[in-house]
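Let's take a walk through this one together, starting with the empty space on the inside and working out from there. Have the model open and follow along.

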Amino acid sequence: MKEYLDKVKGDLETDVTWNRIGRLSVKGAKALPDASVGYVTEKFPIIGWLPRYNYRWIINDVIAGLTLGLLLIPQGLSYAKIATIPVQYGLMSSWLPAAIYAFMGTSKDLSTGPTSLIGLLTSEIIAELQGEEWSPSEIASGVAMMMGIYGMILGFLKLGFLLDFISLPILSGFISAVAITIILNQMGSLLGEPAIGDGTANQIHDIFAKLPQASGYTCLIGFTGILLVTILDQAGKRWGQKNKIIWFLSITRAFIALVIFTGIGYAVNKNRAPSDFLFGVVQVKANGQEPPTVPSRALLSRLASRSIAIFIGSAIEHTAIARAFGVRNNYVTDQSQELTYYGITNFFNSFFHAMGVGGAMSRTAVNSACNVKSPLSGFVTTAIVLISIFKLVGTLYWIPKATLAAIIICAVWPLISSPVVFYRYWKTSLADFISSMIAFWVTLFVSTEIGIGASVGFNIVYILLRLVFARVSTTPDTNSTQQQQPQSTTTATTTITFPQRGPVPIPPDARIFTLPGPFFFPNAYRAKTAMFDTIQTHHAPAFNSVFAREAERNWSVTAEQRVRTLRRRAGITNFEALPPINVVVVDFERANHVDATGVAHMKSLVGEVRRYGGAQVEVRFVGVSGEVRERFGRAGWRVVDVGDGSGGGDGDDGDDGREVVRLFRDVASAVRAERRRVSSVGEGEDEDDSEKMEMRRMEEGESRGVRTTHREMA
């Protein structure tokens with residue numbers, strides 16, 4: 001019992017993992033107080049930048065906040081319409097995010113609120129749960145809370161990097177399909193047509209089939225709204241930099257259209273019964289901000305899985321916009337902190353009957369164009385939206401539905417990527433083009449969740465396959481002319497020029513392998529097999545090797561057939577001229593990580609090479625990082641630095657019986673190193689072992705017969 005306890009104690013004292021846990025625990029305990037203060041400060045960036053605020057910036061921030069407030073009114077109403085909830089809830093979703101961002105934001109330009117993407121994905125969830133005990137606005141608030149929970153988890157744990165797994169081509173296809181879907185959903189309101197079915201194919205059919213039933217007045221209002229918004233947009237692009245009035249009219253074009261056509265809606269319909277209106281109006285019925293409530297637990301349980309797609313799409317959009325404008329205006333944003341803000345805002349905003357919110361490209365561009373100086377502009381935006389909620393909701397009753405549809409169409413049209421973008425993906429990378437097409441077509445004709453899930457799944461499989469099938473490069477090049485004519489390889493020497501080493505001859509009995517990346521479980525077996533196959537293809541086995549003995553006696557011919565196939569594919573016909581293998585150099589320069597599977601397969605490679613080439617074969621490692629070196633040592637290998645390669649090779653058992661791994665500084669040193677000598681008995685044999693001595697005598701007496709066997713096998 002005492003011996004057992006001593007062994008456990010010794011293991012705990014020497015085990016690398018336990019020691020690392022201990023060191024990290026002590027280090028963490030000492031750093032906890034300062035780290036806690038730093039963490040809190042990091043979560044409220046205003047603590048850092050507010051003392052440095054220049055009060056001359058206040059004018060810029062007020063103008064930017066006022067402009068965004070005017071822009072948020074029509075957009076909030078429009079995106080609530082996309083979400084299929086009463087439009088007043090779009091305004092109720094828009095006032096709190098700007099105020100919270102002033103405390104927690106890391107971008108001076110980013111504008112947060114309802115977006116078209118969130119509106120569409122929310123509408124799909126509402127449609128799925130339609131007919132159950134919850135109203136559309138309650139479902140939208142529940143979705144916002146789940147978005148907030150997911151955002152806080154990733155933000156507080158600093159896991160924002162996980163969103164980087166969504167590639168740009170996937171986003172292009174996904175957002176383009178979402179924009180087209182939004183436009184199709186608005187065509188009924190724009191044209192005044194009867195109800196249009198669900199699904200892209202059905203919607204396209206119904207739009208044209210019911211076109212004769214379209215309302216002339218509604219079409220007039222809708223297309224005039226599109227024309228007005230487009231004219232102001234183009235005027236701003238052409239003359240906005242020279243004329244501030246045109247610039248302001250351009251960036252507030254949606255608000256101007258809303259005011260003009262709301263006035264028209266009131267003028268022509270105020271004396272008519274609702275059933276006799278010339279064109280449909282939104283008919284908002286609200287009286288200020290509703291009291292806060294908490295979404296029910298039963299609803300949240302139903303929304304937990306359904307909200308993942310909307311979180312991924314909107315969170316990526318939010319962080320990408322923040323990062324892009326940070327680069328454009330020469331400052332740095334914090335992706336994890338942005339996710340923390342995103343989570344906090346959606347969580348608390350959901351109490352106020354709000355739909356989900358996130359960063360919006362159009363509003364952020366307007367904010368940047370206003371030369372905003374800090375997130376303090378959000379307080380002005382909040383004030384403008386609150387005024388509209390408490391004082392202007394009654395006026396919103398007369399907004400034409402066609403006007404909101406026109407504003408939505410003009411807002412999402414630029415989100416559709418040009419065919420040139422997808423053609424560029426085609427020319428750059430077939431895998432990226434396929435992933436973008438999966439995201440686009442599946443999202444468009446099936447559903448947004450399946451669209452983004454299928455495209456991301458394709459990318460993950462593609463990345464794993466690239467890891468598994470990563471090619472191990474070899475020197476001499478197996479595709480060279482010299483290797484295609486092996487009758488000369490017994491005397492031919494390849495010369496390679498190394499930096500700071502000059503030309504170094506590579507003997508014909510040496511082989512250099514360069515690992516393409518981490519040597520771990522996805523690719524370790526294939527990489528090991530590729531290296532051993534190359535050796536068997538271009539080098540002859542030793543006549544006294546275990547391989548030769550087993551080739552003579554083994555009942556299975558699978559290995560022999562495999563070698564013949566490999567050599568035939570390589571164009572090798574003169575098997576007698578193949579050189580032996582005596583030195584194998586494995587370059588770990590790019591392989592900065594190895595796991596237990598990788599170590600096991602590397603041990604297997606060493607064993608198989610010696611079984612094939614004989615006990616004298618040396619396997620030398622180059623470019624081994626500190627982490628990989630430590631893993632080799634913990635796996636039971638004795639790691640020895642050879643330095644410039646003046647010493648012997650590797651592979652001898654150490655004094656303690658462990659396998660020796662000799663590490664060289666570079667490939668040139670590993671190739672130039674002196675060859676070690678092997679006793680006549682052979683590695684692993686004991687001169688006192690009579691059975692092994694008898695085997696050695698049999699090998700010496702049968703060497704001629706083994707040569708014949710090798711020729712037949714080849």
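Start with the largest cavity, which holds about 120 Å³ of space. Keep in mind as you look around that this is a predicted model. Who sits around that space? The lining counts 16 residues, and the ones closest to the centre are Ala 98, Leu 110, Ser 111, Ser 377 and Gly 378. Three elements put two or more residues each into this lining: helix 4 (58-82), helix 6 and helix 18 (377-391). As for chemistry, the lining of the largest cavity is made of 8 nonpolar, 7 polar and 1 charged residues. If you keep hunting for enclosed space, you'll find that the structure has 5 cavities of 30 Å³ or more. The general idea behind such a search is simple: rolling a probe the size of a water molecule over the atoms shows where empty space is left.

Now stay with helix 6, which spans residues 95-104 and carries Phe 103. Is Phe 103 buried or exposed? Neither, quite: with a relative accessible area of 39%, Phe 103 counts as partly exposed, because that label covers the range between 20% and 50%. Phe 103 also belongs to a nonpolar patch on the surface, together with Val 40, Phe 44, Ile 47 and Phe 379. The patch comes to about 440 Å². One of its members, Phe 379, falls within the 377-391 range of helix 18, so you've met that helix already as a contributor to the cavity lining.Next, go back to helix 4, where you'll find Leu 77. At 0% relative accessibility, Leu 77 counts as buried. Its C-alpha atom is 7.6 Å from that of Tyr 89, although the two residues are 12 apart along the chain. Between helix 4 and helix 5 (88-92) runs a loop, and Thr 84 has its place there. Take a look at the backbone of Thr 84: phi is positive, about 60°, and the residue is not a glycine. Thr 84 is partly exposed, at 44% relative accessibility.

There's another backbone of this kind at His 353, a residue other than glycine with a positive phi near 60°. His 353 lies in a loop too, the one between helix 16 (335-349) and strand 2 (358-359). Which way does accessibility go here, buried or exposed? His 353 counts as buried, with a relative accessibility of 13%, because the cut-off for buried is under 20%.

Then there's open space to explore. The second largest pocket has a volume of about 1100 Å³. It is lined by 36 residues, and those closest to its centre are Asp 233, Arg 253, Ser 362, Ala 365 and Val 366. Many helices take part in this lining: among those that supply at least two residues each are helix 4, helix 7 (116-128), helix 11 (216-239), helix 13 (253-269) and helix 17 (361-369). By class, the lining of the second largest pocket has 20 nonpolar, 9 polar and 7 charged residues. Helix 4 is a name you know by now, since it gives residues to the lining of the largest cavity and to that of this pocket.

Finish at strand 7 (residues 583-587), home of Val 586. Val 586 is buried, with a relative accessible area of 0%. How far apart in space are Val 586 and Leu 663? From C-alpha to C-alpha the separation is 10.0 Å, while in sequence the two are 77 residues apart.

Notes:
Residues numbered from 1 in each chain as written. Predicted model: local features only at pLDDT ≥ 70, side-chain atom pairs only at ≥ 80, totals over all residues. Heavy atoms only, no water. Patch = residues over 30% accessible without salt bridge, like charges linked within 9 Å, V, L, I, M, F, W, Y side chains within 5 Å. Areas by Shrake-Rupley, 256 points an atom, 1.4 Å probe, with all protein chains shown as cover. Salt bridge = Lys/Arg side-chain N within 4 Å of Asp/Glu carboxyl O. Helix = DSSP H or I, 4+ residues; strand = E, 2+ residues; numbered from the N terminus. Buried < 20%, exposed > 50% of the residue type's maximum accessible area, 1.4 Å probe, protein only. 1 Å grid on protein atoms, 1.4 Å probe; cavity = no way out; pocket = protein on both sides within 12 Å on 5 of 7 lines; lining within 4 Å. Points joined across faces, edges and corners; volume = space filled by probe spheres on them. Nonpolar A, V, L, I, M, F, W, Y, C, P; charged D, E, K, R; others polar.
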